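Subject: Structure handover

Hi,

Here is the structure I promised to pass on to you. Please have it open while you read, as my notes follow right after it.

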Amino acid sequence: MALELLKENMVVEQVVGENRYQALISHDIVIGDNRPDVDKILSVSARNNIIRQETIQGKAVIEGMLDCSVLYTGDTDKLIECVEAHIPYTQYVDVKGAEAKMICEVSDTVESADAAIVNARKISLNVLVDLNVKVLERKSVDVIEDITGLPDMQILRENIKISNTLGEGTSQDIIREELELPQNKLDISEIIKAGIDVVVEKVVVTSGKVTAEGYVSLDVMYYTGESVHPLEKAVYELPFAQETDVQGAEEGMSSEVRFYVDDTSFRVAEDAEGKNRIINAEILLKCVAKVYREDEREVIVDAYSPMRATRLSKSAYRCRELVGRENSQVEVKDTLTLIQPATSMYDVSIRPVIIDYSVSDGKVVSHGVLQVAAVYMTSTGDTVVTGEIQEIPFNVVTDVPGATKDAVAYVGIIGSKSAYELKTSRQLELKSLLDVEVTVYADREIQLVTGVEELDVVQPERPSITVYMVQKGDELWDIAKKYRTTVDDILEHNNVQREDIKSGLKLIIPKKFL
C-alpha cells in the first residue's frame, strides 16, 4: 500500500522577537507671553498616546504623542500656573528578525515625568516611556494530520495552542457631560488643569463588534477667586460604553482593548442661579480593540517506520501558548511625612506604575511604586504653595497555575481607586486599591512534520536482542526510534510502565519482525 499523507493548511502567528525599550523623550517648554515667569515647579504629569506602529528591517517604528502638564508658581498673585505641551515623537526599537509588514504590537507605560527650570521662561521636560514591543509573523503552513499506507508507522503527536489575531479595529467617541459642582465646593473662577484616567470594567465581544464599558476618572483643579480658600478640586466618574467595529469578531472570542485620550475641552458655564458652577466637559476617547482565537489542536511532531526507511520534512514553529490570565487586587496604604507643614491640600495625584515582575512556580510577583505628587498650601511666615513627589513601593502576588520561571508575563494595572487625608500638618495618609491583570505565556519551538517519503533502501540488520541502559534525559520515543522498534514493544517485553523509565534502568530491546 502506498504511503498517503492527510494534510491540512494551518495559519499560525509566530513570535519573531520582542524588546522592552525605555524611551527618554526630552522637550523644552517655552513659557508664552501671557504667562508669568517660572519660580518653582510643583508637579508634572504625562499621558502617552500611541498613534502608529510598524516594522522595518530589524526594527519596530513607533510614533506617539505625549500630553504633558506642568504646575508651577510664578511671580504674580496667582498661586499656581499650568503650562501644557503636546510632544510628538518617533522611536526606533531594535527587534531581531523583524521585517517590513510584520505584525507589531506595543504596550506602553509612562514610568516617570520630570521637569527642571532652564531659566525664567523655559522648562526642560524629561519623560521616560516604557515600550513593550512584540513582532509576529503570520504564516500559512501545510501540516500533516495523519499518515497511512505503512502498517507499522509510528506517530508522535503533541497538543499545541494556536493564538491567531482575527481582527483589529479603532473607534473614536466623545463623552459630553454637563458637570455640576458638589454643594460643598466653591464657585469656579478659572480652571487650572484636569487630570484624566480611563478605567475599563467590562469588555463584550459580539458579531462584528467589541464593546468596552467603564468610566473616565476626572479630577478638575480650579481657582475659586476667594482669598481664604483660593483653590479647589472636584472629582467625577463619567461612565461610557464604546463600540468598536472589528471585522471577524464573534461572540465568545478573546479580546484586548486599549484606550487613549485624543483631545479634551472643559468650559465653565453658569447654573440656573447665574453662578459659575457648571463644567461642560468633552473628552475624545480612542479605542484600539483586537479579537483573537486560541485553539488547541493535535499535530504530528515525529514519525518513523521500524521496518522501512523514511525521510521526514519538518518546519520549525515558535509558538507562544497562553498559560493563564488572572486578576488580583492589592491595597497599598502608607503615611507620608511632608517636607513642610501643610495648612490645605490642593492636589494629590496618586499614580501606580509597575516597574518589574518575577515568575515562579504558579505565581507572578509584580513590583511597582505609587508615584505621589502633592501640591499644598504651607505657612512659613509668608503663605506659599509648594509641591513634592514621593514614591511608595508595593508588591502584588497573582496566582497563575502553570506559570514557571522561564515564562513571559504581561502585567497591567486595569483600575485603581485612591483616597488621601491630611492627618496632621505633616502627615498625609494615603490608600490605593489596585486591580492588576497578569497574562502569562510560555514560549515553545516545535518541529512540525510537513512531509514524509518512503526511501528505497534496505534497513541495516541489528541483533535480535539489545540491552540498553537509560541515560539522563532519555525519552522512550527516541529509544524506540533509534533501535527501530516501538514504545509498546519495549514496555511489554520489560514489563514496565512509562513512569518507570528512569536513568540507570536496563531495558531489553527486542528486534522487530514483520
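Below is what turned up, going through two sheets, two residues, a cavity and a pocket.

Before anything else, please keep in mind that this is a predicted model.

**A sheet with β3 in the middle**

Let me start with an open sheet of 3 strands, ordered β2-β3-β4 and paired antiparallel. The edges are taken by β2 (38-56) and β4 (81-94); each has a single partner strand, so one side of each is left without a neighbour in the sheet. On average, neighbouring strands here are turned by 15° against each other, direction ignored.

If you want to look at one strand pair closely, try β3 (residues 59-74) and β4, which run antiparallel and are joined by 14 bridges. A handy place to find your way is L66, whose bridge partner in β4 is I87.

While you are at β4, have a look at Q91, which is found in that strand. Is Q91 buried or exposed? Its relative accessible area is 13%, and the cut-off for buried is under 20%, so Q91 counts as buried. The side chain of Q91 also has a partner: a polar contact of 3.5 Å joins it to the side chain of Y21.

**A sheet with β6 in the middle**

Another open sheet has 3 strands in the order β1-β6-β5, again with antiparallel pairing. Its edge strands are β1 (4-30) and β5 (103-119), each of which pairs on one side only. From one strand to the next, the twist averages 5°.

Within this sheet, β5 and β6 (residues 122-148) pair in the antiparallel sense over 15 bridges. To see the pairing residue by residue, you could begin at D114, which stands opposite N126 in β6.

**The cavity**

How many cavities of 30 Å³ or more does a search of the whole structure find? The search gives 1, and the volume of the largest cavity is about 30 Å³. Its lining is made up of L336, L338, V372, A374, E388, I389 and Q390. By class, that makes 5 nonpolar, 1 polar and 1 charged residues. Two strands, β15 (363-380) and β16 (382-399), each supply at least two residues of this lining, and β16 gives the most, with 3 residues.

**A pocket with many charged residues in its list**

The second largest pocket holds about 170 Å³ of space. Around it you will find L156, E158, V301, D302, K314, E445, I446, Q447, E475, W477 and D478. These lining residues divide into 4 nonpolar, 1 polar and 6 charged.

Which elements each supply at least two residues of that lining? They are β7 (154-180), β12 (276-304), β18 (427-454) and α1 (476-482). The largest share, 3 residues, comes from β18.

**One more residue**

Finally, take a look at A409 in strand β17 (residues 408-422). A409 is buried, with a relative accessible area of 6%. How far apart in space are A409 and S464, which are 55 residues apart in sequence? From C-alpha to C-alpha, A409 and S464 are 51 Å apart.

Happy browsing, and do write back with any questions.

Best wishes

Key. Residues are numbered from 1 along each chain as its sequence is written. This is a predicted model: local features need pLDDT of at least 70, side-chain atom pairs count only at pLDDT 80 or more; totals for chains, interfaces and linings use all residues. Side-chain values use heavy atoms; hydrogens and water are left out. Two strands pair if DSSP finds at least two bridges between them. Helices (H or I, at least four residues) and strands (E, at least two) are DSSP runs, numbered from the N terminus. Axes are lines fitted to C-alpha atoms, for helices over the stretch in contact, and angles run from 0 to 180 degrees between N-to-C directions. On a 1 Å grid over the protein atoms alone, a cavity is a set of points where a 1.4 Å probe fits but cannot get out, and a pocket is an open set with protein on both sides within 12 Å along at least five of seven lines; lining residues have an atom within 4 Å of a point. Grid points are joined across faces, edges and corners, and a volume is the space filled by probe spheres set on the points. Ala, Val, Leu, Ile, Met, Phe, Trp, Tyr, Cys and Pro count as nonpolar, Asp, Glu, Lys and Arg as charged, and the others, Gly among them, as polar. Buried means under 20% relative accessible area, exposed over 50%, partly exposed in between (1.4 Å probe, protein chains only). A polar contact is a pair of N or O atoms within 3.5 Å; within protein, one must be able to donate a hydrogen and the other to accept it, and residues adjacent in sequence count only if both atoms are side-chain atoms.
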